[in-house]
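Student: I would like a close look at one part of this model, and at what surrounds it. Please take me through it in one connected answer.

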Amino acid sequence: TQAPLPTDTLPPVAAPGDVYISSIFYNGVVEQVESDEYAVITNRGAAVVNLAGWRLNAGEPDQNFYFPSFDLQPGQSCRVYTNEAHPESCGLSFGIGSAIWRNSGDCGTLHDATGAEVSRYYW
């Protein structure tokens, strides 16, 4: 009998970016305004993802953060604060002067540049 011929195997294709809401710190310690609340957006994929046109929604129609042109590297996480800017965690902020994440329970959603929902985070 003849041995089977080897088959060509292609190298694995790098997975596209896999960006999601990995956590939400919804109970800020700054009294009343909770400006220090934040959502963490993480790229657990193997490719860089440019977030231009992506949108993070904090549960209400008027609570949207629109991402600027920003490259989220593989394995990188960034925080989107309610109303603070922290350059060490990407410097992103809704710029809203009052608490936006309900302490009693809420849902954040992340939408890509086409408007498709790519992640949802409940508590």
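What is the relative accessible area of E60, and how does E60 count on the scale from buried to exposed?

Tutor: Happy to. This is a predicted model, in which local features need pLDDT of at least 70 and side-chain atom pairs count only at pLDDT 80 or more, while totals for chains, interfaces and linings use all residues. Residues are numbered from 1 along each chain as its sequence is written, and side-chain values use heavy atoms, with hydrogens and water left out.

To your question: E60 has a relative accessible area of 29% and is partly exposed. On this scale, buried means under 20% relative accessible area, exposed means over 50%, and partly exposed is what lies in between, with a 1.4 Å probe and protein chains only.

E60 has a partner in R102, with 2.2 Å between the closest N and O atoms of their salt bridge. E60 belongs to the loop between β4 (55-57) and β5 (64-66), and R102 to the loop between β8 and β9 (107-111), so the pair ties together parts that are 42 residues apart in sequence. Strands here are DSSP runs of E with at least two residues, and helices are runs of H or I with at least four, numbered from the N terminus. The term salt bridge stands for a side-chain nitrogen of Lys or Arg within 4 Å of a carboxyl oxygen of Asp or Glu. R102 is partly exposed too, at 37% relative accessible area.

R102 also forms a salt bridge with D106, where the closest N and O atoms are 3.2 Å apart. D106 counts as buried, with 9% relative accessibility. E60, R102 and D106 are thus linked in a network of salt bridges. The count of salt bridges comes to four. Another one of them joins R120 and E117, with closest N and O atoms 2.7 Å apart. R120 is partly exposed at 42%, and E117 is partly exposed at 38%.

Now for the frame around this part. The chain has zero helices and ten strands. Of its 123 residues, 37% count as buried, and its accessible surface is about 7100 Å², with 53% belonging to carbon and sulfur atoms. These areas come from the Shrake-Rupley method with a 1.4 Å probe, and for residues only the protein chains shown count as cover. Taking contact as heavy atoms within 4.5 Å, 52% of the contacts between residues at least 6 apart in sequence join residues at least 24 apart.

Charges meet rings as well. R79 places its charged end over the ring of Y38, 4.1 Å from the centre, and R44 lies over the face of Y20 at 3.9 Å from the ring centre. The rule here asks for NZ of Lys or CZ of Arg within 6 Å of the ring centre and within 35 degrees of the ring normal.

Y38 leads on to the aromatic pairs, of which there are eight. Y38 and Y81 form a tilted pair, 5.1 Å centre to centre with 55° between the planes. Y38 is in strand β2 and Y81 in strand β7 (residues 77-81), so this pair ties together parts 43 residues apart in sequence. Rings of Phe, Tyr and Trp (its six-membered ring) pair if their centres lie within 6.5 Å; planes under 30 degrees apart count as stacked, over 60 as edge-to-face and the rest as tilted. Both tyrosines count as buried: Y38 at 15% and Y81 at 4%. In addition, Y26, F65, F67, F94, W101, Y121 and W123 form one aromatic cluster.

Lastly, two loops. G75 lies in the loop between β6 (71-72) and β7 and counts as exposed at 60% relative accessibility. Its C-alpha atom is 5.3 Å from that of N43, 32 residues apart along the chain. In the loop between β1 and β2 you will find Q32, which is not a glycine yet has a positive phi of about 60°. Q32 counts as exposed, at 73% relative accessibility.
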